[in-house]
Amino acid sequence: MAAGLHGKMALVSGAADGLGAAIAARLAADGARVAVLDRSAEAIALSAARPDMAGVHFEQVDLSDAAGIAAALSRLDQAGFRFDILVNNAGGSLHTPRAFVEETDEDWARVMDLNVTAAVRLIRAIVPGMAERGYGRIINLGSKAGRYGSLFTGANYVAAKGAVQSMTLQLAQEFGPRGITCNAVCPGAILTPRVERLLSERQTPEERAAVRNAIPVRRHGRVEDVAAAVAFFASEESGFITGQLLDVNGGQGMAS
Ligand SMILES: NC(=O)c1ccc[n+]([C@@H]2O[C@H](COP(=O)([O-])OP(=O)(O)OC[C@H]3O[C@@H](n4cnc5c(N)ncnc54)[C@H](O)[C@@H]3O)[C@@H](O)[C@H]2O)c1
């Protein structure tokens with residue numbers, strides 16, 4: 001599935017670390033000119049020094065700040081970016097409690113804000129340019145949690161990813177006539193150092209072994225597994241595929 005993204009420009013949110021960084025590096029390797037939005041100066045500095053991130057443009061912004069997003073997008077516009085590809089990667093459970101009754105209003109608001117509202121704001125800002133040019137690829141990060149429930153995160157995260165996934169279907173309907181596809185990649189547990197820590201806090205070694213033995217391919221995911229799926233949806237050749245939720249979970253969750 002070589003994507004061949006030469007001449008394309010891509011924006012990836014929350015991509016100085018974790019899955020997003022692998023996605024940004026993969027799109028850049030496929031030839032796209034890539035811009036990353038991330039709030040962490042430290043993660044940006046580490047990421048910018050990676051050889052596979054050479055040429056990637058970084059903007060430091062907190063995606064919960066609407067004015068900050070508008071200012072960052074304006075700077076990218078001035079730098080000549082006209083985005084063909086938008087990857088709404090920023091998200092997560094923010095390590096809020098798993099137990100429903102322990103999740104506060106603030107926990108719900110923060111998780112909804114990063115997973116759903118940040119994506120809404122970026123799509124609203126980027127889609128008019130895509131529509132004008134008659135071409136776009138939007139890829140949202142859903143989750144196995146949002147498809148089938150979660151073994152270690154709470155209802156707020158599951159509901160937020162469910163919202164992202166449902167929104168994907170509706171935007172595919174709405175934007176299809178303008179040449180813009182909208183799909184979601186839904187990973188199972190991907191062993192980034194952060195997820196590794198969360199799993200060891202919330203599951204015993206025996207529980208972890210039982211989970212792994214229930215995954216048909218008998219391993220957890222790697223960031224490259226997710227980046228490859230995103231690269232396919234980002235490619236021109238995926239143009240007849242829209243409104244799809246692609247499970248990238250080693251077969252841990254399947255739907256017919
Ligand atoms: N890691 C997994 O196992 C997994 C599984 C399923 C889905 N996902 C989804 O994939 C996406 C990426 O997950 P991850 O584990 O790589 O994320 P992560 O928590 O490792 O964060 C990645 C980056 O997002 C940035 N970020 C966080 N909050 C931000 C904010 N408010 N503004 C700007 N940047 C911010 C961080 O600085 C970091 O560089 C998320 O949407 C997540 O829900 C991850």
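Helix α4 has a kink of about 45 degrees centred on Asp113, where the bend at a residue is the angle between axes fitted to the seven residues ending there and the seven starting there. This is a predicted model, in which local features need pLDDT of at least 70 and side-chain atom pairs count only at pLDDT 80 or more, while totals for chains, interfaces and linings use all residues. Residues are numbered from 1 along each chain as its sequence is written, and side-chain values use heavy atoms, with hydrogens and water left out.

Helix α4 covers residues 105–133, and its 29 residues reach 41 Å from the first C-alpha to the last, close to the 42 Å expected at 1.5 Å a residue, the expected span being 1.5 Å times one less than the number of residues. After α4 comes Gly134, whose phi is positive, near 70 degrees.

Turning to the ligand, 27 residues lie around it, and those that come nearest are Asp38, Asn89, Tyr157, Ile190 and Arg194; a residue is near a molecule if one of its heavy atoms lies within 4 Å of it. This shell divides into 12 nonpolar, 9 polar and 6 charged residues.

The table gives polar contacts of the ligand, that is, pairs of N or O atoms within 3.5 Å.

| Ligand atom | Protein partner | Distance |
|---|---|---|
| nitrogen | N or O atom in the side chain of Asp62 | 3.0 Å |
| nitrogen | polar backbone atom of Leu63 | 2.8 Å |
| oxygen | polar backbone atom of Asn89 | 2.7 Å |

The protein covers 91% of the 830 Å² of accessible area that the ligand has on its own, as given by the Shrake-Rupley method with a 1.4 Å probe.

Technical notes:
Polar contact = N/O pair within 3.5 Å; in protein donor to acceptor, adjacent residues only side chain to side chain. Nonpolar A, V, L, I, M, F, W, Y, C, P; charged D, E, K, R; others polar. Helix = DSSP H or I, 4+ residues; strand = E, 2+ residues; numbered from the N terminus.
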